[in-house]
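Biologist: Please take a close look at a single part, the metal site, and carry the account on from there to the backbone and the enclosed space.

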Amino acid sequence: MSDVWNRGAAAVATLTFDVDAESAILARGGTYADHAMTMSHQAYGPDVGVPRLLDLLDEFDIPATFFVPGWVAQQRPGLAARIVERGHEVAHHSYSHRPPTTMSEAEEQADFERALDVFAAQDIEILGHRAALWEATAHTLDLVAQHSLLYDSSLMGDDRPYRVATANRGEIAELPVHWSLDDWEQYAFLPDPHVGSVIESPAKVLDMWCAELDAMRHYRCLFNLTCHPFLSGRPSRAMALRRLIEFALQRGDVTFARCGDVARWAMDTPELPVRGLTPPPTLHFA
Ligand SMILES: [Zn+2]
């Protein structure tokens, strides 16, 4: 395997923060807007979690990527610009946080382009995309390529970057994710809407993520961590992230990078596999 995409590091770590705020809940129904507790649980992300996490990243001088729904950027003018000013990347995370699998192609295109319009109006350069709930379709990847973005980060077909051949728009980079490197499965607890019912020990999560990073160093992978500021911005969880960063730095062979940088490195590596998006044939039971 070529070392071009990882610039010689044993593992590349992309710390990513999905700044869903209220959109992740309102996408399930507008009536939740009147649920003050639930809205405050979500607002904690951009209001408390993001500033705390930005300070943490500053302390270690580590670049990261923040996937922001267009609606969130619109509701909080200056949020995306503040993230970019601190040296990080802001990336596309839909407009309304509705998953592509629940929308028609026309609805998805309108939602996708509405987010791009918000970021263009705020003068925020967008290089990549992550589908809401990671629920991308082949059409999603087409939209990413059609709008000349470099990468998507919603699929799970590898543990290193790969190249995706879209239907008509050429190749983009895919920076794959996985449930095991997502704080949602560890920390999400909300009774209504029911989005999760776990509050794991940050010590357990740190142990799991450090083990994965070590294994990924062995296999020379992309450690693409997905965190949500309303979850991982909470104190003991932010401290676990701090210890994870310290662990990675102590290993001495882990490179932290923004997703856009890794996507460029991936597209400069012709040896990376190219995978198509053709769905498998229908499986007939009789
Ligand atoms: Zn999200």
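Modeller: A residue is called buried under 20% relative accessible area, exposed over 50% and partly exposed in between, with a 1.4 Å probe and protein chains only. The model is a predicted one, in which local features need pLDDT of at least 70 and side-chain atom pairs count only at pLDDT 80 or more, while totals for chains, interfaces and linings use all residues. Residues are numbered from 1 along each chain as its sequence is written, and side-chain values use heavy atoms, without hydrogens and water.

I begin with the metal. The zinc ion is held at 2.0 to 2.6 Å by two OD atoms of Asp-20, NE2 of His-93 and NE2 of His-97. Donors here are N, O and S atoms within 2.8 Å of the metal (3.2 Å for Na, K and Ca), and since water is not among the atoms, a site may look incomplete. Along the sequence, the donor residues follow the spacing D-x72-H-x3-H. The arrangement is irregular because the angles subtended by the 4 donor atoms run from 53 to 142 degrees. Irregular is what remains when neither of two kinds of rule is met: four donors are tetrahedral if all angles lie between 85 and 135 degrees, and four are square planar, or six octahedral, if opposite donors are over 155 degrees apart and all others between 65 and 115. His-93 has a relative accessibility of 1%, so this donor residue counts as buried. His-97 is buried as well, with a relative accessible area of 3%.

The backbone next to these donors deserves attention. Most residues other than glycine have a negative phi, and most peptide bonds are trans. Ala-21, which follows Asp-20 in the numbering, has a positive phi near 45 degrees. Ala-21 is in the loop between strand E1 (11-18) and helix H1 (23-26), where helices (H or I, at least four residues) and strands (E, at least two) are DSSP runs numbered from the N terminus. With a relative accessible area of 1%, Ala-21 is buried. Ser-94, which follows His-93 in the numbering, also has a positive phi, about 70 degrees. The loop between strand E3 (89-92) and H5 holds Ser-94, which is buried at 5% relative accessibility.

Ser-94 leads on to the enclosed space. A cavity is a set of points on a 1 Å grid over the protein atoms alone where a 1.4 Å probe fits but cannot get out, and lining residues have an atom within 4 Å of a point. Points are joined across faces, edges and corners, and a volume is the space filled by probe spheres set on them. In the whole structure, 2 cavities of 30 Å³ or more are found. The largest has a volume of about 60 Å³, and its lining includes His-92, Ser-94, Arg-98, Glu-108, Asp-111 and His-129. Helix H5 (residues 105-121) gives the most to this lining, namely 3 residues. The lining of the largest cavity comprises 5 nonpolar, 4 polar and 3 charged residues, where Ala, Val, Leu, Ile, Met, Phe, Trp, Tyr, Cys and Pro are nonpolar, Asp, Glu, Lys and Arg charged, and the others, Gly among them, polar.

The second largest cavity has a volume of about 30 Å³. Among its lining residues are Leu-15, Leu-213, Phe-223 and Phe-256, and by class this lining has 7 nonpolar, no polar and no charged residues. Helix H10 (residues 235-251) supplies the largest share, 3 residues.

Conventions:
1 Å grid on protein atoms, 1.4 Å probe; cavity = no way out; pocket = protein on both sides within 12 Å on 5 of 7 lines; lining within 4 Å.
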